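Trainee: Could we go through the strand pairings together, setting each value against its definition?

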Amino acid sequence: MTAFSAPRALLALALFAAGPALAQDAAPGDWPTHGRDLSNQRFSPLKEIDVANVRALVPKWIYQTGKAATFQSTPLVRDGVLYLSEPFSSVAALDARTGERLWRYEHKPKTTKLCCGPANRGVALGDGLVFVGAVDARLIALDAKTGAVVWERDLDPADPKAAEESAAQLGERFGGRAATGQSGLGANSAPLYHDGKVYVGVSGAGYGLHLESARPGAPLGAVVGFEGAYGATGFLAAFDAKTGEELWRFDTAGPGWEGDFVEKTAYGALLHRDVAKEKAEAPAAREAWRHAGGSVWHAPAFDEQLGLLYFGTGNPSPQATGDGRPGDNLHTVSLVAVDAATGKLRWAYQQVPHDVWGYDVASPPVLFDLEVDGAKIPAVGQASKLGWYFVHDRRDGRLVYMSPAFVPQANMFSPPTPEGVVISPGVGGGVNWSPTSVDAQKGVAYLAAMNLPTRYRSAELPAHDGKPPLPYASIEPATDGASGVVAALDLNNKGAILWSHETPQPMVGGVLATAGGLVFAGEGNGWFDALDAASGKTLWRFNCGAGVNAPAVSYEIDGRQYVAVAAGGSAIWGYPQGDALIVFGLP
């Protein structure tokens, strides 16, 4: 092992005895953090709305942002106020009873070079402040009563002298096709507040070049990868909540990221790597980690007893090809645990070393207790883009089990071919950034997943104008076979699938499970569904007029339960866009 990939540190084997902790001073009917509690379980204990009366659910109020754009926000609710991040990172505070706007902060990005579109996934609350990570890679603290800016910090550590090629220049190499997404860090994920600190990661570090596709039904376009220094290094950082001072930063890659040049994953899948070639190239690529990728797409989970933060990391850069970055590319495409006080690495589990397929660990990890061989252990679960649910001992990262596949799988680790090999579930999923929900008492995880077969192809641009041939790889949605699924997994039985509900389109946005025996999930075609948590049967539907590609939350005001969800669609996936937050309740 290299110095950078130090052996996993064994922590004290004290059991995590308590249930999930809410943010400080939050009421049980609030939704005070992105995952509702510090464990990211996203399970509501409210049960006024249940399997018997959910058919009577009706809209109670609607808030419109005025901007029809990709809307992925998780609203937070505390003390009767709902805090909502909007596309492009504006923030509104609303009366959670009526939807009346109390204040609004209008964010004005300092750049138009946005890596990943306008989406923002939520805010954090603490110390009388509202914290938002912005699309232009800033962390901003707002006064919770007025929305006034208290402080802001620039998160982008980019070296202005770093080699970078514009999307327009790159597009010219591909016959003038329009290119997007090549560069520009952002902070799409929601921050996490705890005990005077704010934790936030950056996104877009390894996003890669995307070419716009002229083929209908493929709005994502092609992801194109070729050797070059086109990315940045991802990180998670901690800030003082009152002053904005940076306290520590954990880089997702660094010197020694080459690792052990493994030929298989930790769970035994063959990676089809040319290890001899990579080792020969390694001495000339010692600085490749400076453009490593490894974005953080979600808010971390926090174990107060162990003092650890858990989060996943994205793909290495360049995307779609391993050229120019020999080695395992630690710690990209990994589930990572760091010390919350210092940011020091405690352990990391890399799902895909030297990833060339785009298998980011993008969905928020979830903490729960699990009985193994008659003993209760503190566990962390992570729904993967590979189509498996991974469960680890959260003290040391030991893999406890992987679930059966919850989406179709084919050719997942195949290298590209000139003809193109079709891979399932593809670069988009299984579970993309979509948050999952865990009913810890029943030991069931609920998830929304994508099956989006993609064609992985190798090619070469011919030499011209004195320039040598340019080899590259591309990943583009296949012509058909896409679908979605909402599934329930038995955590106490190695993730066995209890039920699976198929949808006509890939599912992206996440789920909410409640003590009323319900699972809420939105579809890209506008339907917002309530399923029976025991069987997966659809009990209620409402068409929101735009894609429901955000996770729902539930809260309580004056003894009445509400369910809130953003309906704004997704430009990336081609789902119809809108501008509404819709809040439902019983008549």
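Mentor: Let us begin with the hairpin of β24 and β25, which has 5 residues between the two strands, and in whose turn G397 has a positive phi of about 85 degrees. This is a predicted model, in which local features need pLDDT of at least 70, side-chain atom pairs count only at pLDDT 80 or more, and totals for chains, interfaces and linings use all residues. Residues are numbered from 1 along each chain as its sequence is written, and side-chain values use heavy atoms, with hydrogens and water left out.

Trainee: What makes β24 and β25 strands, and why are they called paired?

Mentor: Strands are DSSP runs of E with at least two residues, numbered from the N terminus, and β24 covers residues 389-393 while β25 covers residues 399-402. Two strands pair if DSSP finds at least two bridges between them; here 3 bridges join the antiparallel β24 and β25, so they count as paired. One bridge partner of H392 in β25 is L399.

Trainee: How do you know that β22 and β23 pair?

Mentor: Strand β22 (residues 366-372) and strand β23 (residues 375-383) run antiparallel and are joined by 7 bridges, with D369 opposite P378 in β23. Their hairpin has 2 residues between the strands, and D373 in the turn has a positive phi of about 55 degrees.

Trainee: Why do β3 and β6 stand at the edges of their sheet?

Mentor: The open sheet has 4 strands in the order β3-β4-β5-β6, with antiparallel pairing. β3 (76-78) and β6 (101-105) each have a single partner strand, so one side of each lacks a neighbour in the sheet. For β6, the pairing with β5 (residues 91-95) runs over 4 bridges, and L94 stands opposite R101 in β6.
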